[in-house]
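Please open the model in your viewer and keep the selection tool at hand. The tour begins with the whole chain and then goes from one selection to the next.

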Amino acid sequence: MRMRALTLAADDQYEMAIPHRLRTLAIPTVVAVFVTAGVGAISMWRVYDNDRLISHNYEVKSALDALLSAVTDAETGQRGFLITGDSSYLDPYERGTARIHNALEQIASLTPDNPTQTRRLSELRPSVDEKLEELRETVAVRRTNGFEAAQRIVLTDAGKATMNRIRALVGDMHREENVLLTTRRGQSSARFWTAIATDTTVTLVALVLLALVASVSRRREAEAETRDRIALRLAAIVEFSADAIIAKDLNSTITAWNAAAERLFGYTAKEAIGQSIRIVIPPDRQHEEDEVLARLRRGETITDFETERMAKDGRLIEVSLTVSPVKNASGEIVGASKIARDLTPLRLYATELEQKVGERTADLQAANTRLEAFAFSVAHDLRAPLRGMHGLAQALLEDYGSRLDATGHDYAQRIVDEATTMDVLINDLLAYGRLSHVELAISPVDLREVLDASLYAVRDDVQRSGAHVDIAPQLPTVQGNRSVLIQVFSNLLSNAVKFGGRDPRVRVWAETREPRTAQVWIEDQGIGIAPAHQERIFGVFERLHGTETYPGTGIGLAIVKKGIERLGGRVGVESQEGRGSRFWVELPRAEAA
Ligand code: ADP
């Protein structure tokens, strides 16, 4: 049902175009066919008319011949009777006389519209009458007065002269008919070829037009077939889409409802089509439809609008809607297509995913903690033999120093130095590991006091470098752990002195940030850090220089980051290479007492 509805809708759009185009070509074609038929008929009629006139000429000519033959027959019969006196010769004479009259009437009836022939006929009639009279008189004389008397009349040559006149007039009339005949034959042939040429031309034009109409309609048919195929394919896509696809008009009346819409909302297409789309909108969200309609009328498309819709059984479904205006052939907005995606599976999947990520993170954290605990215990266990090595080397130098030559002395001293370096490293590692394990007691800590303690912890470095350290007299009290904070600021101050250049100048101050945060700055004017390295220096063993240039373990800033994060704060740096560094630490401020 629905697929058919879509197909029809697609056809509707083109319904106007095809007949119009066909009409444009069909009208001249029909006209051409009628003209062809008309011209053909007229041309043929004119040829036929001419032929009729030609046969008329022949009729006139044969009537003239009949007249002449009748007169000749009558004269022959008269001559026979005159010479022989045998009355059997009077038969042809009488038959001839009788035919003469008929022949004259026929000529008269055939030539009434030809004035020349009528005039000649009027000249012919008295001559024929005269001839008949001469014949009748000689026959009568022969009967009554005998051959001699009749011969005398004949010898006057009056009859011969009449006969010559008749022959001459008949000859003239023949010539007249011959002239007409020649003209008409010429006309007949010309008309025949004109008719053929006209008919051929018009027929060709009609054929071309017909071919055009045929090709246009074939193309239209092919286009219509393609449109049908596309419409069917689209209908199939809509029907089998996993998302609900609905069409509605601007009165919110549902006009299409695919299978996924049936599954999602529980209404069959039969139930839904013709109803208002508001049946799937929960009562407290009805205003959304008004807003959607207003936006559609403005030609807007609404994408990924997350909301709730209601199934037939009253169940609320989380959906993401995409609503686009539908236009008719003339571009007017007549409705909307709506794609409703059920977000429930997505939400379930997201929750499942979050749960899995949580589990994996917990596993990783546990593995990390176990690894750190292992490193911590290894470091711890290494400390005792190291201290032993350090003490023995020290004892060697003190108790047997006088017996060692210079090389032996140097070796023993290097054992003491290396053991010291290793001890620092192990201490740093233990400090870092401890930060992961130890429960940290959080309480208000006076930062000014912490900074004093930190400065005291690095007093040797400060003295050695001749650094000038300026700590602001007023520093806030924060929520934290005193010993962790002393470690953090000792490391930062030690770095500021170490990387502070020839004449280190270190400045420490604090700013308050809302809500309830303190930001402490440790600024030096030393070698600075390129932006590319500013993140990674907070990782374990990340160093930007060799130990010959700047001694160190690469754990100091890792301890800073871990310590501050365990206290719920943040740490960072602003710096440019060669232009000093400003490390900052953000911590929650303690409640004012
Ligand atoms: P260490 O100081 O033992 O090398 P840290 O973890 O404290 O290790 O510092 C890591 C690296 O960060 C240092 O080696 C140094 O390259 C860079 N760095 C730290 N503080 C500063 C500073 N104030 N100025 C310039 N570079 C610094």
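What share of the contacts in the protein with a separation of 6 or more comes from residues 24 or more positions apart? In this predicted model, such residues account for 65% of those contacts.

**The whole chain**

Begin with the full view, in a cartoon representation, where the protein shows 14 helices and twelve strands. If you turn the C-alpha trace along its principal axes, the protein spans about 215 × 70 × 40 Å. The radius of gyration is 67 Å, whereas a compact globule of 593 residues would have a value near 25 Å. Switch next to a surface: the protein exposes about 34,200 Å², and 57% of this area is supplied by carbon and sulfur atoms, while buried residues make up 37% of the 593 residues. If you colour by charge, you will find 73 positive and 82 negative side chains, and the centres of these two sets lie 5 Å apart.

**Aromatic pairs**

Now show the aromatic side chains, among which the structure holds five aromatic pairs. Select F499 and Y550 to begin with: their ring centres are 4.8 Å apart and their planes meet at 45 degrees, so this pair is tilted. F499 sits in the loop between α13 (482-498) and β9 (505-513), and Y550 in the loop between β10 (517-524) and α14 (556-566), so the pair ties together parts that are 51 residues apart in sequence. Both F499 and Y550 are buried.

Move on to F538 and F583, whose ring centres lie 6.2 Å apart with the planes at 65 degrees, so that this pair is edge-to-face. F538 belongs to the loop between β10 and α14, and F583 to strand β12 (residues 581-588), so parts 45 residues apart in sequence are tied together by this pair. F538 has a relative accessible area of 9% and is buried, and F583 likewise counts as buried at 9% relative accessibility.

Then select W257, F265 and Y267, which form one aromatic cluster.

**Two residues with positive phi**

Which of the descriptions buried or exposed fits S252? Select S252 in the loop between β1 (244-249) and β2 (254-257): with a relative accessible area of 2%, S252 is buried. Its phi is near 70 degrees, a positive value in a residue other than glycine.

Go from there to D304, which is found in strand β3 (residues 302-310). The phi of D304 is near 45 degrees, again a positive value in a residue other than glycine, and D304 is exposed, with a relative accessible area of 58%.

**E318 and its surroundings**

For the last stop, select E318 in strand β4 (residues 316-327). Why does E318 count as partly exposed? Its relative accessibility is 32%, and the partly exposed class covers values between the 20% limit for buried residues and the 50% limit for exposed ones.

Which residues does E318 touch, not counting residues up to four places away in sequence? Showing these as sticks will bring up T307 and E308, together with R341, D342, L343, T344 and R347. Finally, draw a C-alpha to C-alpha distance from E318 to L346: the two residues are 28 residues apart in sequence and 9.9 Å apart in space.

How values were computed. Residues are numbered from 1 along each chain as its sequence is written. This is a predicted model: local features need pLDDT of at least 70, side-chain atom pairs count only at pLDDT 80 or more; totals for chains, interfaces and linings use all residues. Side-chain values use heavy atoms; hydrogens and water are left out. Helices (H or I, at least four residues) and strands (E, at least two) are DSSP runs, numbered from the N terminus. The radius of gyration is taken over C-alpha atoms; the globule rule is 2.2 Å times the number of residues to the power 0.38. Buried means under 20% relative accessible area, exposed over 50%, partly exposed in between (1.4 Å probe, protein chains only). Contact means heavy atoms within 4.5 Å. Accessible areas come from the Shrake-Rupley method with a 1.4 Å probe; for residues, only the protein chains shown count as cover. Lys and Arg count as positive and Asp and Glu as negative; His and the chain ends are not counted. The place of a charge is taken as NZ of Lys, CZ of Arg, CG of Asp or CD of Glu. Rings of Phe, Tyr and Trp (its six-membered ring) pair if their centres lie within 6.5 Å; planes under 30 degrees apart count as stacked, over 60 as edge-to-face and the rest as tilted.
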